[in-house]
Every structure is written in structure tokens, then in C-alpha cells.
Amino acid sequence: MKARSSFSGKLGYVLAVAGSAVGLGNIWRFPYLAAKYGGGIFLLVYMILMLTFGYALIVSETALGRMTKRSPVGAFQFFGKSIPFRLGGWINAVIPMLIVPYYSVIGGWVTKYLFEYLRGSTEILAAENYFPEFIANSFSTGFWFLLFSLVVVAVLIAGVEHGVERVSKTMMPLLVILAIFVAGYSMTRPGAWEGVKYFLIPNLKNFSWMTVVAAMGQMFYSLSIAMGILYTYGSYIKKDVDIEKSTTQVEVFDTAIALLAGLMIIPAVFAFSGGDPNTLKAGPSLMFITIPKVFASMGFGRGAGIMFFLLVLLAALTSAISLAESGVSTFEDQFGLSRRKSALVMGGMIVGLGMASALGFGVLDFVSLLGMSILDFFDFLTNSIMMPVAALATCLLITKVVGLDRIAKEVEQSSAFKRKGLYNLFLRYLAPICIVIILISSIANVFGWITM
Ligand code: PHE
């Protein structure tokens, strides 16, 4: 058995978790969901969920990881070997394996945009139908997807993820500075102020039940909750890391980046498309439609485009690598495969499932899974169905088997557990009830039993 690596210290841990949390979820996914599901009201619901639910789940997963010193499959089996324990662990472990293929498709899109900015296509990218035409071109999307995936698989095989980690840590501050700058520019365009208001001021008129469903899925996604990642990270930390405090730091950092991304993209929708509801509801394509328009209107749009897509590409790469890495370590631990074999199996999954998602807008666009494109389907399956189930499994493991007291003891080994009351209330009642309601409503929505 190889020794478990551990983080160098408290800061190292917070940075690693923040590094995993910040990715395409913040820059690409959050703004399009906020635009689509009500702007300010989405933001408000998201914040409330994050500070209560998200907080309780991060603490839970981290504490369980630290207590058992295992990744999710092992952590669940630490407490029992029967089927429910196996299922609980596996659902947490499978989620990142299903996310990384379609994550890599978006990574491919980002790579393509970087390439085009390098070539000087600033104006072309801002043209009305550029993006839909690009993703409908199967050869082109397939190519950029494969390129991105090859880099991910190569890093997995070489096992140099720590080097990449280091690069990303210096790049992150740069991304923040550039984002502040672009957000400032975008917010001061004529007409943009309406967008700032739409994004920041809650308006009940824009509320729908889907606002809550989408906000909850996004909270899991963005904070890397309910995908086994935090178990694994928790298993690397020593008993002196203050779990409560580091959770708060990660939440603040992750939300700050998402807010910045929202301020770059949503005001731009209003400035450049007059807040057109169709653009607001563009979904996954929103970033690729609005950001090029912002850059094309700037004097030095090409430079900004190169910087922006380079930094987003790095954030996407590091996130994709850490998602895939968690799959690789599951294969290694559970099936005793060598690192190389595990990486190849993971690579096969990325290429197979990812290619289907990539071509889902091109030659495979006749495929509709429950009314969704293949990429949207995987996003929905993982975020709206599997993650709630995985979170529920964690809640049940704690309340029915481990006991809230043991979690409290684990947290208290490093600091006072200030929000214990809130935590217990959430785990025992609110979290399970909300999860079940949300799960039922998102299934009902897909099958058209209720419209939201
Ligand atoms: N939280 C990341 C994001 O917002 C996604 C991710 C999850 C990355 C888990 C790594 C591990 O994009």
C-alpha cells in the first residue's frame, strides 16, 4: 500500500480545494444558468443554498474523508459492507467519470476560440451565427475535443498533475485580474446597466421552481460537492486543519469568481443584444456568444481574447485533470489496475462519451435524450439526478450510521464547531427533505408531468 500523500499545510489544502472548485463551472456554467433562471433571484437562491446546504455538505464530506482516510468508495465501506454502502460510495465515485467527458467538450470549444484569437479572427468570432455553425460542424468540434482530451489523458498517464497544479496557481490570480478588468469594461457599455440590475437585484417575477433546481445543481457542481472529490481531499488532511474555516474560505472564493463571471457576461447580453430573452436563455453557448462581442468592441480585443481564453483553458484543464484523476484513483484502488491501465480506461470513457456529446450538435443532432442534446443530457443526469442522490447518501450515512456526534467530534479536533446547531438541523431534516423534493421535481419536469 502506498503512503497517502498529504497537503503541506492549511493553506495548501484551501488552495487545492479552491483550485478544484474554480473551473468552467464558475466562468461558463454559472452565468448562463443565472441568465436563464431569473438573474437576481437565482443569485439569491444560490447564495442561501450555498451557505446552508453547501456548507453542511462540504463539512460532512471532508470530515468523513479525514475520519476514514479513504476516498468515497472506501469511506462508505469503512462503515459497512452491505449493498447500500457499496451503492452510496459508488455513486459518488462515478459522477466525476461522467462529468469529465462532456467537460472536455467545452474544453475543446475553449481551445478552438483561443486558436482563433491567436489567428486574429476577433471579428469573425463575434458574428451572429459563428458559434452554432461551429458546433454543428462535427469534424471541427470533434477535432478540438480530441485535442483537449489527449492533453488530459497524457497528463494522467504521466502523473504530473502536481506540475499542472502549480501552473494553475500562478494563473488563477491573473484570471481574476483579467476578469475584473473585463467585467468593468462590460458593465460600462451603453445599456449594460440593465443587465447589472437583472443579475444582482432579485425579482420575484422571475422565480420558478426550476430556479431552485438549477441553483442546487450548480451549487454541487461549482463547489465540487457530491462527486467524491471532497472525501478524497479530506482524506489527505491532518487533524489540525480547521474544517469550518477552510470551508468558508473556499465558498467565498468560489462565489467571488462566479459573481465576476456573471458581471462579465450578463451585462454584455444587455449591451450587445438589448437583453433579448432568446440570448438570455442561450444556455451552454452563452459565454461563446457574448464574450466575443465584448472583445470585438474593444480596441485591443485580440489581446484580451487571447488572454481570456488562455486562462479559461488552463482553469478547464486543471479541473478536467482533477476530475479524471479521481476516476483513475478509483480504478486503481478498487480494481487493482496499474496507473497506466486506469488512465487508459478513463481515457476511453472520455473519448467515447465525450465524442457522443461533441457530435450531438452535429451529425448526431437527431439524437434526443428526454428532449435534450447528448451534452445537456449528461449535464442533467449528473447534476440534477445523480448528485442529489449522492448527497442524500452522504446525509443518510451520517445520520443513520456514523452519527452526528462523531462528525462533531471530528470537526472539534481542530476547532470549535460554531455552526453545529445549523449543521445538525440541516443534516437531520432540511437537507434530506429538500433533496427528495428537488429530485422528484426535476424528474417530473423532464417527463413533462409538471411545467416549471
Ligand atoms: N467545481 C469545478 C467547476 O466549477 C468542477 C470540478 C469538480 C472540477 C470537481 C474538479 C473536481 O468547474
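How much space lies in the second largest pocket? Let's work through this and two further exercises together.

The model is predicted, so to speak of local features a pLDDT of at least 70 is needed, side-chain atom pairs count only at pLDDT 80 or more, and totals for chains, interfaces and linings use all residues. Residues are numbered from 1 along each chain as its sequence is written, and side-chain values use heavy atoms, with hydrogens and water left out.

**Exercise 1. Describe the second largest pocket.**

Step 1. A pocket is an open set of points on a 1 Å grid over the protein atoms alone, with protein on both sides within 12 Å along at least five of seven lines; a lining residue has an atom within 4 Å of a point. Points are joined across faces, edges and corners, and the volume is the space filled by probe spheres set on them.

Step 2. The second largest pocket holds about 420 Å³ of space. Its lining has 23 residues, with Lys36, Tyr37, Met210, Met372 and Phe380 closest to the centre.

Step 3. Two or more lining residues come from each of α2 (24-36), α11 (209-222), α18 (374-402) and α20 (420-446). Helices here are DSSP runs of H or I with at least four residues, numbered from the N terminus.

**Exercise 2. Find where the ligand sits and what surrounds it.**

Step 1. The ligand takes up the space of the largest cavity. A cavity is a set of grid points where a 1.4 Å probe fits but cannot get out, and a molecule sits in one if more than half of its atoms lie within 2 Å of the grid points.

Step 2. Around the ligand are 15 residues, of which Ala21, Gly25, Tyr103, Tyr221 and Ser222 come nearest. To be counted, a residue needs a heavy atom within 4 Å.

Step 3. Now look for polar contacts, pairs of N or O atoms within 3.5 Å. A ligand nitrogen is 2.8 Å from a polar backbone atom of Tyr221, and a ligand nitrogen is 3.0 Å from a polar backbone atom of Ser222. Ser224 places a polar side-chain atom 3.2 Å from a ligand nitrogen.

**Exercise 3. Characterise the second largest cavity.**

Step 1. Its volume is about 60 Å³.

Step 2. Among the residues that line the second largest cavity are Ile27, Leu175, Met264 and Phe308.

Step 3. The largest share of this lining, four residues, comes from α13, the helix that spans 243-273.

Terms used:
A polar contact is a pair of N or O atoms within 3.5 Å; within protein, one must be able to donate a hydrogen and the other to accept it, and residues adjacent in sequence count only if both atoms are side-chain atoms.
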